Amino acid sequence: MSESPFENLKLELRRGCLVLAVLAQLRAEHYGYTLRKALANDGLEIEESTLYPLLRRLETQGLLISEWREEDKRNKRFYRLSKEGKLLLEQLLDEWYNMGTSLKRILRESKV
Amino acid sequence: MNLLNRYLQAVAKCLPSARRDDIIAELRANILSQMEDREHELGRPLTEDEQADILRRYGNPTIIAGRYSEHNLGLAFGRQLIGPELFPIYKTVLIINLLITVVVLAGVVPIVARAIGGAITLTRVLMPLAVQFGIVTLIFVILDQNKGRLLDKWDPRRLPALKANPEDGPNAQDIFTFIAGAVGTLWLALTPRWPYLLLGPGALYLQAIPLKLMPQWIEFYWAIVALLCAQLVLGFFRLFRLLPRRQARIMDLTLKGVGLCIGLLLLLKAPNYVSSQYQEVAVWANLSFLACLILALAINLWGTGRLLLSLWRERDQMVPARQH
């Protein structure tokens with residue numbers, strides 16, 4: 001509760017980005033653990049207790065589809081983007097790039 | 001993997017039963033993959049401490065189960081008071097607490113109102129509910145504000161031992177429940193012949209203050225004894241797994257339904273269960289019986305509701321999982 005304003009704001013900033021990163025990463029199929037590893041390899045560490053429930057929520061919203069399949073003698077639940085998820089990812093990425101461009105412009109103007 | 005199983009058991013306890021098996025299977029696959037990866041890095045099996053470290057990183061079972069909540073609800077009043085991790089537990093505790101309060105009020109308020117000669121006012125009924133709501137909410141707000149300190153200090157090695165699998169043979173608890181049921185049924189069947197089994201030395205007062213039972217009492221009494229005997233037979237079948245689990249649960253539900261019917265029929269006879277030449281004794285005997293009956297009905301209703309819900313959810317799980 002007594003976290004610094006920076007920590008709180010960083011958390012808020014991260015929350016939105018995580019969904020975007022997960023959707024982007026799931027253009028290729030993954031199960032929970034390999035998804036977490038892939039995100040970590042790309043520099044985005046995410047707690048298991050945040051990622052796995054998030055996958056369920058995104059699936060409930062129809063953005064992901066999942067399938068139980070056996071791999072290495074073990075049943076695993078594989079996730080990938082649904083049609084709606086692909087569409088939403090494109091829209092979100094547009095927003096993301098627009099915001100980035102705007103922010104760059106704002107920062108440039110404030111320097112002048 | 002005993003530690004992993006104990007961890008998953010603790011998570012499962014806090015998950016909604018409809019999605020429990022699916023979530024636990026997924027968590028198990030993910031954690032096992034992570035442990036195998038680590039073993040591969042180290043080139044040897046993990047020690048218990050290393051397994052505990054991995055599980056600790058996953059987080060407190062209560063917190064992780066709360067994050068699987070579908071609706072992600074919380075309690076807020078301007079700012080968030082109870083977060084989504086604790087909200088499902090808060091909701092369950094609050095419902096149980098309020099139901100118990102309602103049952104107790106239904107039994108106690110009429111008796112108190114009659115004893116002090118006052119009316120049953122809305123304030124008398126609502127005030128205890130408001131107080132219970134306030135206390136439970138306050139406890140959970142304090143818990144939520146300190147959850148970092150309280151819930152993060154946990155050790156996977158201190159998680160409860162694994163419970164026996166219901167599909168395995170009889171365990172000590174099943175045997176105890178069956179024996180207790182048999183003793184209870186026998187005790188009830190013998191009380192008309194030996195009233196001191198029910199009242200102890202107080203049975204002597206029956207001779208001094210003769211209580212006359214209502215005429216239909218004997219039919220109700222034997223119906224209850226027959227119901228207990230049927231439950232005992234079902235208990236025997238369950239103990240030795242002579243019936244499929246779902247079938248046994250459906251029979252249990254049927255017997256609970258019969259019990260509810262007997263209870264409701266008895267309730268219709270209220271408050272003339274007993275009569276006596278001493279009016280005051282008869283009034284108190286009838287009120288005490290009525291209070292016990294309401295409590296027994298509430299417990300039966302609660303058990304029946306839970307069993308019905310559980311069977312309904314099991315029915316959902318019997319449908320093959322959605323494939324994409």
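Me: Before we look at Tyr7(B), what does contact mean here?
Reply: Contact means that heavy atoms lie within 4.5 Å. Keep in mind that this is a predicted model.

Me: Thanks! Which residues is Tyr7(B) in contact with, leaving aside its neighbours within four places in sequence?
Reply: Tyr7(B) touches Ile31(B), Leu55(B), Tyr58(B), Gly59(B), Pro61(B), Ile64(B), Trp154(B) and Leu159(B). Tyr7(B) is also one of the residues with the most contacts inside the largest nonpolar core, along with Val22(A), Leu55(A), Leu27(B) and Ile31(B).

Me: How many residues does that largest nonpolar core have, and which elements supply at least two residues each?
Reply: The core has 47 residues. From chain A, helices H1, H2 and H3 and strand S3 each supply at least two. From chain B, helices H1 (2–13), H2, H3 (48–58) and H4 (61–67) each do so too. H1(B) gives the most, with seven residues. There is also a second, separate core of 18 residues, which includes Trp217(B), Phe220(B), Val225(B) and Leu255(B).

Me: Now the interface. How is its size often given?
Reply: People often quote the accessible area lost when the parts come together. In this model, chain A and chain B bury about 2,300 Å² between them, with 45% of it on carbon and sulfur atoms. The contact takes 24 residues from chain A and 24 residues from chain B.

Me: And how many salt bridges and polar contacts are there between chain A and chain B?
Reply: The count is six salt bridges. Glu47(A), for example, pairs with Arg67(B), where the closest N and O atoms are 3.8 Å apart. There are also 13 residue pairs in polar contact, with both residues at pLDDT 80 or more.

Me: Which elements of chain A make up the side that touches chain B?
Reply: H2, H3, strand S2 (64–71) and S3 of chain A each supply at least two residues of that side. H3(A) provides the largest share, eight residues. Sorted by class, this side of chain A has eight nonpolar, five polar and 11 charged residues.

Me: Could we finish with one helix? Which residues of H2(A) are buried, and what do they pack against?
Reply: Happily! Helix H2 of chain A covers residues 32–41, and its buried residues are Gly32(A), Tyr33(A), Leu35(A), Arg36(A), Ala38(A) and Leu39(A). Within chain A, these buried residues pack against helix H1 (5–25), strand S1 (30–31), helix H3 (48–60) and strand S3 (74–81). They also pack against helix H2 (17–42) of chain B.

Me: What follows H2(A)?
Reply: H2(A) is followed by Gly43(A), which has a positive phi, near 95°.

Terms used:
Residues are numbered from 1 along each chain as its sequence is written. Chains are lettered from A and ligands numbered from 1 in the order in which they are written. This is a predicted model: local features need pLDDT of at least 70, side-chain atom pairs count only at pLDDT 80 or more; totals for chains, interfaces and linings use all residues. Side-chain values use heavy atoms; hydrogens and water are left out. Buried means under 20% relative accessible area, exposed over 50%, partly exposed in between (1.4 Å probe, protein chains only). Helices (H or I, at least four residues) and strands (E, at least two) are DSSP runs, numbered from the N terminus. Buried area is the accessible area (1.4 Å probe) that two parts lose on being put together, summed over both. A salt bridge is a side-chain nitrogen of Lys or Arg within 4 Å of a carboxyl oxygen of Asp or Glu. A polar contact is a pair of N or O atoms within 3.5 Å; within protein, one must be able to donate a hydrogen and the other to accept it, and residues adjacent in sequence count only if both atoms are side-chain atoms. Ala, Val, Leu, Ile, Met, Phe, Trp, Tyr, Cys and Pro count as nonpolar, Asp, Glu, Lys and Arg as charged, and the others, Gly among them, as polar. A nonpolar core is a set of buried Ala, Val, Leu, Ile, Met, Phe, Trp, Tyr and Cys residues joined through side-chain atoms within 4.5 Å.
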